[in-house]
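Colleague: I am new to this one and would rather understand a single part well than skim over everything. Please choose one strand, look at it closely, and then show me how it fits into its surroundings.

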Amino acid sequence: MHIHLSLQAGSIYEQIEYQIRAQIYSGELKPGEMLPSIRTLAKELTIGIITAKRAYDDLIAEGMLYSVPGKGVFVAERREEELIQGKLEKLKEKLSSAKKFADENGISPEQFQKIFWEISEENHERS
Amino acid sequence: MNGLEINDLSVTFKTFRLDATLQVPQGCITGLIGRNGAGKSTLIKAIMRQQEEMSGSILYDGLPFKGNEREILSKIACVFDSPHFNVFCKAEIIIKFYRKIFSSFDMELCRSLMEQFSLPLKQRVRDYSLGMQKKFCLILALCQKPSILLLDEPTSGIDPYDRGSIVELIQQFMLDETHTVLFSTHITEDLDKIADYIAIMQEGKIDLFEQKDALLEEYRLVQCPYLTEKLQEEAIGVRKSMFGYTFLTKNREPEGEDILVKSPTVEEFFIHFLGEEEQK
């Protein structure tokens, strides 16, 4: 596991979550692999303990990691469907926020769908 | 559990009056900030039972002082703003002295830390640089094997490299989740990094106590060329310069022309928070 933090790049726990998630998806972190303890993570990155805990807690809630009391925090097993399901959820989130933007700015559902199809077609043609 | 539970602690010192209630969570680092004379050192001295006349109660890892004096005094250690021993002595003499007073003194740890930070045993502490003196004091405190560590300005007046070492020692101490740290400081940069909770003191009172991440997430720092009525309504601790206004706001998405919005640092929060109090 490797993590680099930047004071300019948004909140610390989000940076940690993002980097651990990316390393799990890329296979750099293997299922069952043990991660450093919250306190070690805090010390090594010179960050607060609560900040480190927040990052792990979020990833545990997402199902990326799991913790065994008294033992430590580990990378969870990922099944293919779960990975896809996770990505679909993320996509739904992104589209919901686009829809919210449309509603707030008086863009009709028809216009929204039209643009959605245009984008889908464009990307389809390109690939 | 709380490492320290301070209830209605009251100390009167000439015209100054300390009136503090504060819960310092165990397993965490709490940073204490406030202007000079706000009562930070008085609070730390009171926790160390070095104030003669005080009322109210303090629980140490849940234990009241009365009836547990011996246990509590071996539980707490403090690094004061200046050395509390004869600095004309050589370091090794002081270590020997500490070893006699504190039965729990960890000689092995002391030796390895003195070596790690290249502190010569045979030199007088007076001849140490300020950074070396601070590190020496912290080592003496850590070797008492306390569970509650109090630090009064541990990083002030020393260079960034030495400050890094001190922060590292504090975090090393925090690897044990039953440990508690309370440190007062003007170097808010250290708090930005490692503090879990922030307490702000003013005129002998604790004005604010909150989890650091939550605090900095709750507020935004805004810079803008002119104040609209809406911005003014939300603004906390407005400071004016030649080029415009800077202030805190709880509105996470303030709107306006040529407006710059970011998360505050502890220092920015502190300055505007106090600014608002003064305007009242």
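Modeller: Two strands pair if DSSP finds at least two bridges between them; strands (E, at least two residues) and helices (H or I, at least four) are DSSP runs, numbered from the N terminus. This is a predicted model, in which local features need pLDDT of at least 70, side-chain atom pairs count only at pLDDT 80 or more, and totals for chains, interfaces and linings use all residues. Residues are numbered from 1 along each chain as its sequence is written, while chains are lettered from A and ligands numbered from 1 in the order in which they are written.

Let's take strand 9 of chain B, which covers 197–202. Of its 6 residues, 5 are buried (20 or more other C-beta atoms, placed from the backbone, lie within 10 Å of the residue's own). On one side, strand 9 of chain B runs parallel to strand 3 (residues 29–34) of chain B, joined by 5 bridges. Within that pairing, A199(B) of strand 9 faces L32(B). Strand 9 of chain B also pairs with strand 10 (residues 205–211) of chain B, this time antiparallel, over 6 bridges. There Y197(B) has Q211(B) as its bridge partner. The hairpin of strands 9 and 10 of chain B leaves 2 residues between the strands, and E203(B) takes a positive phi near 45°.

Now step back to the sheet. Strand 9 belongs to an open sheet of 6 strands in chain B, ordered 6-7-8-3-9-10 and mixed in its pairing. Strand 6 (76–79) and strand 10 of chain B are the edges, each pairing on one side only. From one strand to the next the twist averages 15° (axes are lines fitted to C-alpha atoms, for helices over the stretch in contact, with angles from 0 to 180 degrees between N-to-C directions). Elsewhere in the sheet, strand 7 (residues 148–152) and strand 8 (residues 180–184) of chain B pair in parallel through 5 bridges, with L151(B) bridging to F183(B).

Helices pack on this sheet too. Helix 1 (residues 40–47) of chain B touches strand 9, along with strands 3, 6, 7 and 8 of chain B; its direction makes about 150° with that of strand 7 of chain B. Contact here puts C-beta atoms, placed from the backbone, within 7 Å. Helix 5 (residues 130–143) of chain B touches strand 6 and strand 7 of chain B, and its direction lies at about 180° to that of strand 6 of chain B.

Strand 9 has one more role in the picture, at a domain boundary. Chain B is assigned domain 1 (2–211) and domain 2 (216–279), with bounds from an automatic or database domain assignment. The domain centres, taken over C-alpha atoms, are 34 Å apart. In chain B, 8 residues of domain 1 are in contact with 6 residues of domain 2. Strand 9 of chain B supplies at least two residues of the domain 1 side, as does helix 7 (188–194) of chain B.

Helix 7 then leads us to the other chain. Between the chains, 16 residues of chain B are in contact with 11 residues of chain A. Helix 7 gives two or more residues to the chain B side, as do helix 6 (160–173) and helix 8 (212–218) of chain B. Helix 6 of chain B gives the most, with 3 residues.

Key
Contact = placed C-beta atoms within 7 Å. Buried ≥ 20, exposed ≤ 12 C-beta atoms within 10 Å, placed from the backbone.
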